[in-house]
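Biologist: I should like a close look at a single loop position and at what lies around it. Please set out its place in the fold, its burial and its contacts, and then continue to the ligands and to one helix.

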Amino acid sequence: MLNNVNYDIDITKEPPADDTARQYYFIEKAKAYVQRESEELGRPLTFCVTTFGCQMNARDSEKLCGILEKIGYVEAAEDEADFIIFNTCTVRENANMRVYGRLGQLKPRKKKNPHMMIGLCGCMMQEPEVVEKLKTSYRYVDIIFGTHNIFKFAELIVTRFESQRMVIDIWKDTDKIVEDLPVERKYSFKSGVNIMFGCNNFCSYCIVPYVRGRERSREPKEIIREIECLAADGVVEIMLLGQNVNSYHYEYPDGRVLGFAGLLKLVAESAPEMRVRFTTSHPKDMSDETIQVIAETPNVCRHIHLPVQSGSNKVLKAMNRKYTREWYLDRIAAIRKAMPDCGISTDMFTGFHDESEEDFEETLSLMREVVFDSAFMFKYSERPGTFASKNLPDNVSEEVKIDRLNRMIALQNELSAESS
Ligand code: SAH
Ligand code: SF4
Ligand code: F3S
């Protein structure tokens, strides 16, 4: 099993050089500290990981839980936990504010229970302003790390036990993918499987490329190995995860290239008894080849999440989405031609820079044309560091954003009621 890798570990020696072995070394070291503390308290130490944001973060949280359990922590509710971890999201400002709110509530508790630990990680921590704010106003946080080094969690816990100071470790970017660390699934029958990390698309409104770094595709043999282990462990449904799965790109040493369509086929064929899903697809890269693989492979789920964001070409251009309304509708037509029964869902948001009433109505008309099975709908939130924040003023008023969002939601409710 992946989470039962056996390394010959001697914690009295120096840590090994190999990344995975090194982390198993620190897991053993942390275990000794946790054991000591739990003997003093006369009970096991407990943890609670709270996840904000998307499925990528949810999968990262399963990795954090896997490491914590291996160290000897036991999962508990947040109000009872000795170690509280917030895995944060910063895609919109409200996700970000919620974390500060929750953190503020922990301050009195931490004062009463000095042995308690608070860890913060995830996308928000990749923003330098956030870390500055935590360093000055939230000194009671124990461990802060980012999206690129969650594999080092055990090592950071050991550093915290040994230094008794706030531990901060943020990497700007990475080309590393560390395999074979422990992971504890939230559901017994289904699991996310990362196929790629990061995003290179730089949609002008989006902070994800800044906080998740450049695209890195995982080796197909590692993906397949993980899926085989999941199958052996009773998992019947997997979700291939990436910010833009259809730009998956792996070059074998002999120069052959594996793209998303090829990977999807490979995965589905190597696990014929599993249902295979994937998210998220970017419309610009939704190829005929991928549509064909979905159509011909019985265990690939006929559901595509294809975020459109807006139905106006002017807005799509400002968003740097690299496709037009016509291209999007053509992809929908291609999907429906190959699979009339394919489910289609989307993401959209209102009130981006310069969005006029006419632009917004084009989004409504696209919604009527496509009839999405479901949609995640938001209002634009300016994010620091993005192209839009520097060049495209956030010039649609809050009232208009909210009004349009309400109209969008009402239309979607109407359409999904009709289609179901
Ligand atoms: N990689 C995916 C989406 C990642 S973020 C894709 O490209 O489709 C999830 C959704 O959040 C996006 O699809 C978009 O609808 C929304 N979103 C991203 N940045 C936003 C912002 N600054 N304001 C409002 N919504 C945003
Ligand atoms: Fe953000 Fe665009 Fe990348 Fe999606 S594809 S994560 S919206 S930059
Ligand atoms: Fe949020 Fe990070 Fe996902 S910003 S949406 S948790 S990639």
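Modeller: Helices, of at least four residues, and strands, of at least two, are DSSP runs numbered from the N terminus. In these terms, Ser204 belongs to the loop that runs between β8 (196-197) and α6 (208-212). The model is a predicted one. Ser204 counts as buried because its relative accessibility is 3%, and the cut-off for buried is under 20%. Beyond its neighbours within four places in sequence, Ser204 contacts Ala318, Met319 and Asn320, together with Phe352, Thr386, Phe387, Ala388 and Leu392.

Ligand 2 comes next. The residues around ligand 2 include Cys199, Asn201, Phe202, Cys203, Tyr205, Cys206, Val208 and Pro209, and also Gln243, His282 and Arg321. By type, this shell has seven nonpolar residues, three polar and one charged. Ligand 2 occupies the largest pocket.

Ligand 3 is likewise placed in the largest pocket. Gln243 is part of the surroundings of ligand 3 and is also found around ligand 2. Among the other residues surrounding ligand 3 are Cys54, Cys89, Cys123 and Arg212. Its shell holds four nonpolar, four polar and one charged residue.

As for the helix, α11 (residues 325-338) has 14 residues and spans 20 Å from first to last C-alpha, close to the 20 Å expected. Its buried residues are Arg325, Tyr328, Leu329, Arg331, Ile332, Ala334 and Ile335. These are covered by elements including α9 (288-296), β14 (303-305), α10 (313-318), β15 (343-350) and α12 (357-370).

Definitions and conventions
Residues numbered from 1 in each chain as written. Chains lettered and ligands numbered in written order. Predicted model: local features only at pLDDT ≥ 70, side-chain atom pairs only at ≥ 80, totals over all residues. Heavy atoms only, no water. Near = heavy atom within 4 Å. 1 Å grid on protein atoms, 1.4 Å probe; cavity = no way out; pocket = protein on both sides within 12 Å on 5 of 7 lines; lining within 4 Å. Sits in = over half its atoms within 2 Å of the grid points. Nonpolar A, V, L, I, M, F, W, Y, C, P; charged D, E, K, R; others polar. Expected span 1.5 Å × (residues − 1). Buried < 20%, exposed > 50% of the residue type's maximum accessible area, 1.4 Å probe, protein only. Contact = heavy atoms within 4.5 Å.
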